[in-house]
Amino acid sequence: MELYSNIKANNFSSLEKHLKDVGEVCKKMSYYYNLDPEICYKIGGSHDIGKCHPEFQNRFITGVSEPPLRHEISSILFVNCFPEEDFKYLVEGIVSHHKSTEGNIDNRGYIELYNAYFDDFNLEFHMGDWDAWAPIAFD
């Protein structure tokens, strides 16, 4: 997987560099925790791939995203690129890397966010124009 280098992970790093670096760190850490290094690499290397979403990239220009796009939810849409036996590990590792589902310290866990902004889980919002932006994640 080669990401376009102009896609940002944050104000300091391209998404491509960030995912490679985090993947490597997760793999190294896996040995200390007796975890599968390849699964950990996959989690680290894909945890932020949803940041390719145009709404997320627009935050760098406008500083605003309302309702809030949770890149973790957009990221789990890519799980089907991996073997099915890895799905449960990837989903858990990706979706929870910033927030808990409920009761976050700032009361902005996933359930609180969706109760505040949506009538139901708004997958369409996190997919956006999937056919246009998802291929950006891959060269």
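Of the 139 residues of this protein, 39% count as buried. The model under discussion is a predicted one. Its secondary structure comes to eight helices and zero strands, and along the sequence the pattern therefore reads α-α-α-α-α-α-α-α.

Let me turn to the interior. Which residues make up the largest nonpolar core? Ten residues do so in all: Ile7, Ala9, Leu15, Leu19, Ile49, Cys52, Phe78, Trp133, Ala134 and Ala137. There is also a second, separate core of five residues, which includes Ile39, Ile43, Val79 and Leu90.

Two members of the largest core, Leu15 and Leu19, also appear among the buried residues of helix H1, and I shall take that helix next. H1 has 18 residues. From its first C-alpha to its last it reaches 26 Å, close to the 26 Å expected at 1.5 Å a residue. Buried in H1 are Leu15, Glu16, His18, Leu19, Gly23 and Ser30. How are these buried residues placed when H1 is seen down its axis? They fall within an arc of 160°, so they line one face of the helix. On the other side of H1, the exposed residues are Lys28, Tyr31 and Tyr32.

I now come to the salt bridges. A search of the whole structure finds six of them, and I shall describe three that involve H1.

In one of these, the side chains of Glu16 and Lys20 meet, with an N to O distance of 3.3 Å. The two residues are four apart in helix H1, and about one helical turn therefore separates them. Is each partner buried or exposed? Glu16 is buried, because its relative accessible area is 16% and the cut-off for burial is under 20%. Lys20, by contrast, is partly exposed, with a relative accessible area of 43%.

Another pair in H1 is Lys17 and Asp21, whose closest N and O atoms are 2.6 Å apart. Here too the spacing is four residues in helix H1, which means a separation of about one helical turn. Lys17 is partly exposed at a relative accessible area of 48%, and Asp21 also counts as partly exposed, at 36% relative accessibility.

The remaining pair of the three is Lys27 with Glu38, where the closest N and O atoms are 3.2 Å apart. Why does this pair tie together separate parts of the chain? Lys27 lies in helix H1 and Glu38 in helix H2, so the salt bridge links parts that are eleven residues apart in sequence. Lys27 counts as partly exposed at 24% relative accessibility. Glu38 is likewise partly exposed, with a relative accessible area of 41%.

Lys27 has a further spatial relationship that may be of interest. Its C-alpha atom and that of Gly44 are separated by 8.0 Å, while the two residues are 17 apart along the chain.

We may now consider the loop between helix H1 (15-32) and helix H2 (37-46), where Tyr33 has its place. Tyr33 is exposed, with a relative accessible area of 57%. Asn34 is in the loop between H1 and H2 as well. What is the phi value of Asn34? It is near 55°, a positive value in a residue other than glycine. Asn34 is exposed, because its relative accessible area of 73% exceeds the cut-off of 50%.

Tyr33 also takes part in a nonpolar surface patch. The residues that make this patch are Val25, Met29, Tyr31, Tyr32, Tyr33 and Leu35, and its area is about 750 Å². Tyr31 and Tyr32, which belong to the patch, were named earlier among the exposed residues of H1.

Finally, a pair elsewhere in the chain. Glu124 has its place in helix H7, residues 123-127, and is exposed with a relative accessible area of 58%. How far apart are Glu124 and Ser74 in space, C-alpha to C-alpha? The distance is 10.0 Å, for two residues that are 50 apart in sequence.

To summarise helix H1: its buried residues line one face, and Lys28, Tyr31 and Tyr32 are exposed on the other side. Through Lys27, H1 is joined to Glu38 of helix H2 by a salt bridge.

Definitions and conventions:
Residues numbered from 1 in each chain as written. Predicted model: local features only at pLDDT ≥ 70, side-chain atom pairs only at ≥ 80, totals over all residues. Heavy atoms only, no water. Core = buried A, V, L, I, M, F, W, Y, C linked by side-chain atoms within 4.5 Å. Buried < 20%, exposed > 50% of the residue type's maximum accessible area, 1.4 Å probe, protein only. Patch = residues over 30% accessible without salt bridge, like charges linked within 9 Å, V, L, I, M, F, W, Y side chains within 5 Å. Areas by Shrake-Rupley, 256 points an atom, 1.4 Å probe, with all protein chains shown as cover. Salt bridge = Lys/Arg side-chain N within 4 Å of Asp/Glu carboxyl O. Expected span 1.5 Å × (residues − 1). Arc of directions from axis to C-beta.
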